[in-house]
Amino acid sequence: MTLQIGDVAPDFNANTTAGPIQFHAWLGDSWGVLFSHPKDFTPVCTTELGYTEKLRPQFEQRNVKVIGLSVDPVDDHERWAADIEATQGAKPRFPLIGDADRSVSNLYGMLHPKADSTFTVRSVFIIDPSKKVRAMITYPASTGRNFDEILRVIDSLQLTDKHKVATPVNWKPGDDVIIVPSLSTDEAKKLFPAGWNEQRPYLRLVKQPS
Ligand code: BEZ
């Protein structure tokens, strides 16, 4: 069955570069980003993993744990980490799952046989502290992902969880946001007493709540 937004992220046991984990227990009360990469010792993946390590403080600030996966064994991940450090200036300190039996890849639908029958595509699952899948992103093997965009999605999700707002096109933290259409004018006046810019009754822009 295809995973959808709102589903509980399937739990699993796996070997990782940080030792064996049970996924839900490892997540604890944190948000999570689970992402697959097609293969160890490949160029695009090398750049992605180095960059993700450099962003680790940004993920931690947002209470997000990051975990990567490929269908290669953990021993290979560990050997590859030295290359990532040498070429990208950062050695991944977040866990990488060794999914040689493809059990996690199959559980999360990361194998797309029409793209490649052996290796995973570039999947990203953003999971909230209640273990629900909140966003999914899928790229082909040849396109490196934009991990700044993943942080931006997390910022949007965490903001919209706290306030009755949505984020517009190309929103960045600090930009104006949109009052959700389900909020009546009277309700909006209580929540946003400083007012808003009403371009249409359904398009009400307001300063980002802090
Ligand atoms: C890469 O990570 O560079 C890559 C992996 C599989 C296919 C194409 C590129």
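**Exercise 1. In this predicted model, find which residues Ala-135 is in contact with, leaving aside its neighbours within four places in sequence, and decide whether Ala-135 is buried or exposed.**

Solution. Begin by locating the residue: Ala-135 belongs to strand E7. Next, list its partners while leaving aside the neighbours within four places in sequence, and you will find Ile-5, Val-124, Phe-125, Ile-126, Val-153 and Leu-157. Then turn to accessibility: because the relative accessibility of Ala-135 is 11% and buried means under 20%, Ala-135 counts as buried. As a last step, compare positions along the chain and in space: Ala-135 and Ile-150 are 15 residues apart along the chain, and their C-alpha atoms are separated by 9.5 Å.

**Exercise 2. Determine how many residues the largest nonpolar core has, and which element gives the most to this core.**

Solution. The first step is to count the members of the largest nonpolar core, which has 23 residues, and to pick out those with the most contacts inside it, namely Val-33, Phe-35, Phe-59, Ile-126 and Ile-150. The second step is to ask where the members come from: at least two residues each are supplied by strands E3 (31–36), E4 (64–70), E6 (122–127) and E7 (133–139), and by helices H2 (43–54), H4 (74–88) and H6 (147–162). Helix H6 gives the most, with 6 residues. The third step is to follow one member in detail: once neighbours within four places in sequence are left aside, Phe-59 is in contact with Val-33, Thr-52, Val-64, Val-66, Ile-150, Leu-151 and Ile-154. Apart from this core lies another one, of 18 residues, which includes Phe-12, Trp-26, Leu-69 and Met-110. As background, nonpolar side chains in soluble globular proteins tend to be buried together.

**Exercise 3. Work out which residues surround the ligand, and how much of the area it exposes when taken alone is buried by the protein.**

Solution. Start with the shell, in which Pro-38, Thr-42, Pro-43, Val-44, Cys-45, Arg-122 and Ala-141 surround the ligand; helix H2 gives the most to this shell, with 3 residues. Continue with the distances between oxygen atoms of the ligand and the protein backbone: a polar backbone atom of Pro-43 is 3.2 Å from a ligand oxygen, one of Val-44 is 2.6 Å from a ligand oxygen, and a backbone N or O atom of Cys-45 is 2.9 Å from a ligand oxygen. Finish with the areas: the ligand taken alone exposes 260 Å², and the protein buries 72% of that.

**Exercise 4. Decide whether Glu-48 is buried or exposed, and find which side chain a polar contact of 2.5 Å joins to that of Glu-48.**

Solution. Glu-48 has its place in helix H2, and with a relative accessible area of 3% Glu-48 is buried. Its side chain is joined to that of Arg-145 by a polar contact of 2.5 Å. Not counting residues up to four places away in sequence, Glu-48 touches His-37, Arg-122, Thr-143, Gly-144, Arg-145 and Phe-147.

**Exercise 5. Describe where Phe-41 lies and what the place of Lys-131 is, and then examine phi for Phe-41 and for Lys-131.**

Solution. Recall that most residues other than glycine have a negative phi. Phe-41, which lies in the loop between E3 and H2, has a positive phi of about 55 degrees. Lys-131, which is found in the loop between E6 and E7, has a positive phi near 75 degrees. Finally, consider accessibility, where Phe-41 counts as partly exposed at 37%, whereas Lys-131 counts as buried at 14%.

**Exercise 6. Find through how many residues a hairpin joins E1 to E2, and in which order the strands of the open sheet of 4 strands stand.**

Solution. Strands E1 (residues 13–16) and E2 (residues 19–22) pair in the antiparallel sense over 4 bridges, and the hairpin between them runs through 2 residues. Asn-13 stands opposite Gln-22 in this pairing. Along E1 the side chains alternate, so that Ala-14 and Thr-16 point to one face and are buried, while Asn-13 and Asn-15 point to the other and are not. Turning to the open sheet, its 4 strands follow the order E8-E9-E11-E10 with antiparallel pairing, and the edge strands, E8 (165–166) and E10 (197–200), each pair on one side only. Between E10 and E11 (residues 203–206) there are 3 bridges, and Arg-200 stands opposite Leu-203 in E11.

Methods:
Residues numbered from 1 in each chain as written. Predicted model: local features only at pLDDT ≥ 70, side-chain atom pairs only at ≥ 80, totals over all residues. Heavy atoms only, no water. Core = buried A, V, L, I, M, F, W, Y, C linked by side-chain atoms within 4.5 Å. Buried < 20%, exposed > 50% of the residue type's maximum accessible area, 1.4 Å probe, protein only. Contact = heavy atoms within 4.5 Å. Pairing = 2+ DSSP bridges. Near = heavy atom within 4 Å. Polar contact = N/O pair within 3.5 Å; in protein donor to acceptor, adjacent residues only side chain to side chain. Areas by Shrake-Rupley, 256 points an atom, 1.4 Å probe, with all protein chains shown as cover.
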